[in-house]
Structures are given as structure tokens and as C-alpha cells.
Amino acid sequence: MTYEYALILAIFGFAIAYHVWHTKTTKQQLVCIIGKECNKTIESEHSETLGVENTVLGMLYYSFVIIASLVAILYPATLGFTFFSTGFLFVVSLAALFSLYLVGVQTFVIKHFCEYCLGSTAIIIAMFVVLVI
């Protein structure tokens, strides 16, 4: 059941990342209720990592989780491979750490919050908790 939860969370996470990416690339204003300054966050110099948009990294990450979860659900024998299970948890752990780093950047550097970004972080942390427990 763990991978089913990861799949559901990844679908929601992908939707969030896609929405932010689409809004940014079509040069629309991102409507935020809590932070009200989401555009300052997604248009800051910290919105890219190694020259790649963080939203694109998010979509790639969520795509990986969707595919890996489907493999785990449809072919449970793959869970017997230590490489698969450990690799999956390793990628999710890296994403959780990176997301927490980005929350720190929003808090201490940009000093503005993007609720979509925080929602994505919450999804990644929930995914980590689901996979560890």
C-alpha cells in the first residue's frame, strides 16, 4: 500500500509543479492567497538549480516517482531487488532534503513564500514519511 500512497502524492505534486511551470513560462501572474508574493519566489535567482528550473526538476522527480511506484505496484517482484527499494528511498530522501533547503531559501534569503512551493515540499515530506514507515 505504501507505493499506492506515493503514486497519489506524486500525481498531486506533478500537478502543482506543472501549474507553476506553465504559469511562469506563459508569463502569467501566479495567484497566491497566503504569501501573495509567489512571483517573487518563482522569479528569483534561486528558482533555478544548475541552470534548470526548479519546477522542471520537480516534474522530473514526480515523473520518476510515478513510474517507479507503478513498477512497484504492477511488478511487486522488483521490490526484492535491493537496488530498486534503496534507490527509490535514496531519491525521495534527496528530494526531501532539497525541498527543505528551498524552504530555508524562501525563509532566510528571499523572505517571501510561495504556497505552491510549500505544498510541494509538504507532499515530498509526506512521501518520505510514507516510504520510511
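The lining of the largest pocket divides into 18 nonpolar, 12 polar and 2 charged residues, where Ala, Val, Leu, Ile, Met, Phe, Trp, Tyr, Cys and Pro count as nonpolar, Asp, Glu, Lys and Arg as charged, and the others, Gly among them, as polar. The model is predicted, with local features requiring pLDDT of at least 70 and side-chain atom pairs counted only at pLDDT 80 or more, whereas totals for chains, interfaces and linings use all residues. Residues are numbered from 1 along each chain as its sequence is written, and side-chain values use heavy atoms, without hydrogens and water.

A pocket is an open set of points on a 1 Å grid over the protein atoms alone where a 1.4 Å probe fits, with protein on both sides within 12 Å along at least five of seven lines; lining residues have an atom within 4 Å of a point. The volume of the largest pocket is about 650 Å³. Among its 32 lining residues, N54, L57, G58, F98 and L102 lie nearest the centre. The largest share of this lining, 9 residues, is contributed by α4.

The largest nonpolar core, a set of buried Ala, Val, Leu, Ile, Met, Phe, Trp, Tyr and Cys residues joined through side-chain atoms within 4.5 Å, comprises 21 residues, of which Y61, Y62, V65, F88 and M127 touch the most other members. Buried denotes under 20% relative accessible area (1.4 Å probe, protein chains only). Elements giving two or more residues to this core are α1 (2-25), α3 (54-74), α4 (82-110) and α5 (115-132), these helices being DSSP runs of H or I of at least four residues, numbered from the N terminus. The most, 7 residues, come from α3. A second, separate core of 6 residues includes V20, L30, C32 and C38.

Conventions. Buried < 20%, exposed > 50% of the residue type's maximum accessible area, 1.4 Å probe, protein only. Points joined across faces, edges and corners; volume = space filled by probe spheres on them.
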